[in-house]
Amino acid sequence: MAYAKTEFELKLIGAAADCAALREMTLIESAACGPDMRERLISVYFDTPDLTLAAAGISLRHRHDPDGPVLTAKLTPVGGSSVQRLEAERKLNGADEFITGVAAIDALVAPVADKLIRIAETRTDRWSRLVQSGAAIIEVSAETGQSVRYDADGTKHLAPVAEVELELLKGDPSTVFEFARRINKAAAGRLRPNIEPKLTRALRAGAIQPIGKPPKPALPADPTAGDVLAGGLLVCAVRLIECAPHFIDLRDPESARHLRVVLRRVRALERTFRPATKKSGLRQLGFEARDFGRRIGEARDLDVFLSDILPKAHKL
């Protein structure tokens, strides 16, 4: 059976740390009218190679839920409201994997069903809670993770997903905008309104390049000990900068391994050159590399990552 509704939803986007901090806001806690929920979401989006469905205002996806795969389609009619969409959802049973059962959506999907290919994928961690504002009930959620856009040749392009969603479940739509303003104020203006679906932003993915091999130090022909230390620290600094968006924004587990490796190299440099220098700054750098490396290791638990590691890593 298909489930359909008209969705009224407003998005706020910003840095992953600011989105993850939503659940710690006093504003949310004081307005909460239900327990908080956490889930891992994996969604695969489909369209024709020339994006026929996207041009018609449709996003079509398979979402992997604990109870089984789900087909979800959202329709924003061309020229329609950017915050109000028709949403259809049904559990997949192996047949008619792109038929929603909602006539307005199926009329646009059916003619191109045999041409649909995987165009994008999102993998996110989602925290949500119901809040009450006046007579309105709003589901507030924070979602962070990554999206992947697939080229025809299989090339992947990554981009971060970091957003806050406010979906009206009951009441006056104007309440959603007012509550969003209150969230933005609590976040010191670091979250901004956005009306683009995840798919639209995923299709622009590619700004963050994959992590490559670490560079080699550029040393003179007859390097001094100072040259070796400076060159080694420079390589480590460049590597940290390259890995940072993968760890902070994309939350790629592989980036955590790269970060731990480069932090161990910083510590090794400090220990090697400690007898030859009296600079306290180098010793302090070694301590900080050790402590931060340990904290990255604690990030296996999602709750620890969201509440502690992610916000502090973003500030670094």
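Biologist: Is Cys236 buried or exposed, and what is its relative accessible area?

Modeller: This is a predicted model, in which local features need pLDDT of at least 70 and side-chain atom pairs count only at pLDDT 80 or more, while totals for chains, interfaces and linings use all residues. Residues are numbered from 1 along each chain as its sequence is written, and side-chain values use heavy atoms, with hydrogens and water left out. Buried means under 20% relative accessible area, exposed over 50% and partly exposed in between, with a 1.4 Å probe and protein chains only. By that scale Cys236 is buried, and its relative accessible area is 5%.

Biologist: How many disulfides does the structure hold?

Modeller: Cys33 is partly exposed, with a relative accessible area of 37%. A disulfide is a pair of cysteine sulfur atoms within 2.5 Å, and the number of disulfides in the structure is zero.

Biologist: How many aromatic pairs are there, and what is the geometry of Phe8 and Phe177?

Modeller: Rings of Phe, Tyr and Trp (its six-membered ring) pair if their centres lie within 6.5 Å, and planes under 30 degrees apart count as stacked, over 60 as edge-to-face and the rest as tilted. The count comes to two aromatic pairs. The ring centres of Phe8 and Phe177 are 6.0 Å apart with their planes at 80°, so this pair is edge-to-face.

Biologist: How many residues apart in sequence are the parts that Phe8 and Phe177 tie together?

Modeller: Helices (H or I, at least four residues) and strands (E, at least two) are DSSP runs, numbered from the N terminus. Phe8 is buried at 11% relative accessible area, whereas Phe177 is partly exposed at 32%. Phe8 belongs to strand E1 (residues 3-13) and Phe177 to helix H5 (residues 174-186), so the separation in sequence between the parts they tie together is 169 residues.

Biologist: Which residues of H5 are buried?

Modeller: The expected span of a helix is 1.5 Å times one less than its number of residues, which for the 13 residues of H5 gives 18 Å, in agreement with the 19 Å between its end C-alpha atoms. Seen down the axis, the buried residues of H5 fall within an arc of 135° (the arc of the directions from the helix axis to the C-beta atoms), so they line one face of the helix. Turned away from that buried side is a face with the exposed residues Arg181 and Lys185. The buried residues themselves are Thr175, Val176, Phe179, Ala180 and Ile183.

Biologist: How far apart are the closest N and O atoms of Lys74 and Glu7?

Modeller: A salt bridge is a side-chain nitrogen of Lys or Arg within 4 Å of a carboxyl oxygen of Asp or Glu, and the structure holds 30 of them. One joins Lys74 in strand E4 (residues 68-75) to Glu7 in strand E1, 67 residues apart. Lys74 is buried at 10% relative accessibility, and Glu7 is buried at 2%. The closest N and O atoms in this salt bridge are separated by 3.1 Å.

Biologist: Which residue forms salt bridges with both Glu139 and Glu143?

Modeller: The salt bridge of Glu139 has its closest N and O atoms 3.2 Å apart, and for the one made by Glu143 the value is 3.9 Å. Glu139 lies in strand E7 (residues 136-150) and its partner in strand E6 (residues 117-133), 13 residues apart. Glu143 is buried, with a relative accessible area of 4%. The partner of both is Arg126.
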